[in-house]
Amino acid sequence: MDFAQIAKEVLEKESQALLDSINHLDSQELKNIVKVIAKAQGKLIVIGVGKSGHIAAKISATLSSTGTPSVFLHPTEAMHGDLGIITQKDVILAISYSGESQELLDVMPHIKSFGNTIITMSKNKESSLSKMGDFFLDISVKSEACPLNAAPTSSTTLTLALGDVLAVCLMRYRHFTHESFARFHPGGSLGKRLFIKIKDLMQTEDLPIIDHKTSLKEAILIMTQARLGNALITKEDRLIAVLSDGDLRRALLKQDFDIEQEVLAYATQNPKTCKDPNMLAYDALKLIEKNKIQILIITDKQDYIQGVIHLHTLISAGIKS
């Protein structure tokens, strides 16, 4: 049995179903639906059963995460008290490929009696379900990818895709930005990139700060204890240089190397710093990578040290470039 050929056939059928839907998509109806949802003062309640129910739940989740408050309502549970979730300000999106799912038909008259705007998705505008709606989205397909033309495959793919169409249209209508997306996904990489600041992660205590007259030997001891791989060198409490592991390796290669000499002789002067603790951690990471350093030192405008942020700290916090 050639499973690769079967896979190709399934993907071709489902892809074709998506392409075919372009030809029978009512653009004016879609425009009206988007405006109705966008202007609703309540939420979008998506309802479906069986495979359509699973798709409905996913559509609802996508909408909620892209700026359209939405919940999934199971029709059976609705008949046993969950109808209470519906308010007069809500819009209903009911999904059934056949438009004849009994569980949905049982609950829809009760929902319709509330006076909410109803959008339906089915294969037939004249189906029992869609006759109860105010707006209609066509999810008909020529055939399912299933060899029996029975299991919902092409139809569920199309339904899910049209749910994405609604989500993207609403995002565009609302001018939904990266910042908006991050606000709903604070735990994701984009949320971290746009909201976590240097001050949220920087180390402010037990810093390896030493005076410029300190010997290199003592500086190494302090560096070892602090475990930052660097020592911060000050003069009159203001940052003037930094001693890194790289500086030490280069110092060892010098013919006049003297471990008792003042640390400033081997340090990097005028190190890279940041004077804005509100800088995004993502931007700090880019700065660290650009300058090929391990730590970024945060100072005030007078060069007094406020803290440091290490490359490993950023990576551990999930900040990625």
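Me: How is a helix such as the one holding Thr62 delimited, and in which helix is Thr62 found?

Reply: A helix here is a DSSP run of H or I covering at least four residues. In this predicted model, Thr62 belongs to helix H3, which spans residues 51-65.

Me: Is Thr62 buried or exposed?

Reply: A residue counts as buried under 20% relative accessible area. Thr62 has a relative accessible area of 15%, and therefore it is buried.

Me: Which residues is Thr62 in contact with, once its neighbours within four places in sequence are left aside?

Reply: With those neighbours set aside, Thr62 is in contact with Asp164 and Ala167.

Me: Why is strand S1 described as largely enclosed by the rest of the structure?

Reply: The same cut-off of under 20% is applied to each residue of the strand. Strand S1 covers residues 44-48, and five of its five residues are buried, so the rest of the structure largely encloses it. Leu44, Val46 and Gly48 point one way from S1, Ile45 and Ile47 point the other way, and all are buried.

Me: Which strands pair with S1, and in what sense?

Reply: Pairing requires at least two bridges between two strands. S1 pairs with strand S2 (residues 70-73) in the parallel sense over four bridges; within S2, Val71 is the bridge partner of Ile45. S1 also runs parallel to strand S3 (residues 91-95), to which five bridges join it. In S3, Ile95 stands opposite Gly48.

Me: What unit do S1, H3 and S2 make?

Reply: Together, S1, H3 and S2 make a right-handed β-α-β unit. Thr62 is found in H3, the helix of that unit.

Definitions and conventions. Residues are numbered from 1 along each chain as its sequence is written. This is a predicted model: local features need pLDDT of at least 70, side-chain atom pairs count only at pLDDT 80 or more; totals for chains, interfaces and linings use all residues. Side-chain values use heavy atoms; hydrogens and water are left out. Helices (H or I, at least four residues) and strands (E, at least two) are DSSP runs, numbered from the N terminus. Buried means under 20% relative accessible area, exposed over 50%, partly exposed in between (1.4 Å probe, protein chains only). Contact means heavy atoms within 4.5 Å. A crossover is right-handed if, with the strands pointing away from the viewer, the path from the first strand over the helix to the second runs clockwise.
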